[in-house]
Amino acid sequence: MILCYNRAMKRCLATIAAILLSAVLSAAAVDYNAIDSPLQSAAYSGRFYDIFSNPAALPLMEVQPGMIAVRTNIRDSFTPSDFGYGFSGVQDQMWTVDATFISKYISLTAYYGLEYDRLYRENPIYDVYSSLKVELNAAYAVPYFSFGIRISGGNQMVRRDKDINNFGDYITNGWFTPFERDTGSEFFNLGLGAILDVSPFSLGVYIGKILTLSNGQLYIGGDAIAESTTISAALEGPRYTSRGDLMLVRPRASFSLTGLVEASTRSIEFECDITFQFLPDADLTIGVSYLERQHEWVIFNPENATVNFMMRGGAKGFYGIIGVSFKATDFTSFAPMIGFSWIS
């Protein structure tokens, strides 16, 4: 009977995977991060959400989660001058929902995104994008080292030039009017990641575009590899004391470099967070990061940078997240977000 059950489970999972992977042919390619998260780094491992930064973190989770995890986020970005016009509370708003099927060495995630892109400050005219991405991670670990592979793909649909003046328009034009295909939005990426973990130090590398879709053709090139390479180093406090007690305060910090050649695609990030571990299944994490894009070697330019705050807390698999990102030099632009997650 156990053998029959295992076969049934395998058939079920295979069916789910086939459905989700087939969806890649008809849905979305957008950035699914609500804001630039100070809680994620390619060198971090041990927590469920670390797998979204580096697939090599998959077999390194400190507590193996259940089979399914679900997350949802909503974010927008504003400048002070955006307010005062009709329906100004929606500027570049994005809703995302994702569901992940997890095992020790494999995870499969389907992402759905809905984005309202305001075209004119004075007039509430929007392009509304509907998107779907599917991501498959596989990884394996030996002592001190983990290696992972990621396959992802999708595309998006669009509702163009929609007049949204009230909440009824917001719902109708966002969810119920016909979409048209957004030509050229299709994407496919094959990525590789690795983590060297010698506690309390870890080193992570993730290359997002070993193989990518460019101009409708699969492409392997040094420019895509260099542009999508992230190198991260991190320090993290232990989960338990030497006597086996749960550490109440657990800090960690990371430095990351993304983009190896061109300054126009290079970014650096300094981030740190503190987790208060009240119980093995109840904690609160507060994090902050400095992210600078278009970084010149050893030359810092805060005009190209954002400061990001995030707080994540919960218990028994249910978590809430709030965060905000703003320009490093002033408050001329800011991006708030709120999210929830459940891990079985």
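What follows is a chat between a student and a tutor about the predicted model shown above.

Student: Before we dig in, what kind of model is this, and how are residues numbered?

Tutor: This is a predicted model, where local features need pLDDT of at least 70, side-chain atom pairs count only at pLDDT 80 or more, and totals for chains, interfaces and linings use all residues. Residues are numbered from 1 along each chain as its sequence is written, and side-chain values use heavy atoms, with hydrogens and water left out.

Student: Thanks! How many helices and strands are in the protein?

Tutor: The protein has three helices and 16 strands. Both are DSSP runs numbered from the N terminus: helices are H or I with at least four residues, strands are E with at least two.

Student: And what share of the residues is buried?

Tutor: Of the 344 residues, 46% count as buried. Buried means under 20% relative accessible area, exposed means over 50%, and partly exposed is in between, with a 1.4 Å probe and protein chains only.

Student: How much surface does the protein expose?

Tutor: About 17000 Å², with carbon and sulfur atoms supplying 66% of that. The areas come from the Shrake-Rupley method with a 1.4 Å probe, and for residues only the protein chains shown count as cover.

Student: Switching to charges: how many salt bridges does the structure hold?

Tutor: It holds 17. A salt bridge here is a side-chain nitrogen of Lys or Arg within 4 Å of a carboxyl oxygen of Asp or Glu.

Student: I'm looking at Asp 127. Which residue does its side chain meet in a salt bridge?

Tutor: Arg 160, at 3.8 Å from N to O. Asp 127 sits in strand β4 (residues 125-142) and Arg 160 in strand β5 (residues 145-163), so this pair ties together parts that are 33 residues apart in sequence.

Student: Are those two buried or exposed?

Tutor: Asp 127 is buried, at 8% relative accessible area, while Arg 160 is partly exposed at 35%.

Student: What about Glu 135, which residue is its salt bridge partner?

Tutor: Glu 135 pairs with Arg 150, and their closest N and O atoms are 3.5 Å apart. Glu 135 is in β4 and Arg 150 in β5, so that pair ties together parts 15 residues apart in sequence. Both Glu 135 and Arg 150 are buried.

Student: And Glu 236, what does that one pair with?

Tutor: Arg 250, with the closest N and O atoms 3.3 Å apart. Glu 236 belongs to strand β10 (residues 229-236) and Arg 250 to strand β11 (residues 249-258), so to speak a link between distant parts of the chain, 14 residues apart. Glu 236 and Arg 250 are both buried. Shared partners also join Arg 47, Glu 62, Glu 236 and Arg 250 into one salt-bridge network.

Student: Nice. Now the greasy bits: how many residues are in the largest nonpolar core?

Tutor: It has 18 residues, and those with the most contacts inside it are Phe 48, Ile 51, Phe 52, Leu 58 and Ile 102. A nonpolar core is a set of buried Ala, Val, Leu, Ile, Met, Phe, Trp, Tyr and Cys residues joined through side-chain atoms within 4.5 Å. Apart from it lies another core, of seven residues, among them Val 90, Leu 114, Tyr 116 and Tyr 170.

Student: What does Leu 58 touch?

Tutor: Leaving aside neighbours within four places in sequence, Leu 58 has contacts that include Ile 51, Ile 102, Tyr 105, Asn 137 and Ala 139. Contact means heavy atoms within 4.5 Å.

Student: Any backbone oddities? Which peptide bond is cis?

Tutor: The one from Ser 199 to Pro 200, with omega near 10°. Pro 200 is in the loop between β7 (187-198) and β8. Most residues other than glycine have a negative phi, and most peptide bonds are trans.

Student: So which residues have a positive phi?

Tutor: Among them are Asp 161, with phi near 55°, and Val 298, at about 65°. Asp 161 lies in strand β5 and is exposed at 53% relative accessibility. Val 298 is in the loop between β13 (282-293) and β14 (305-315), and is exposed at 74%.
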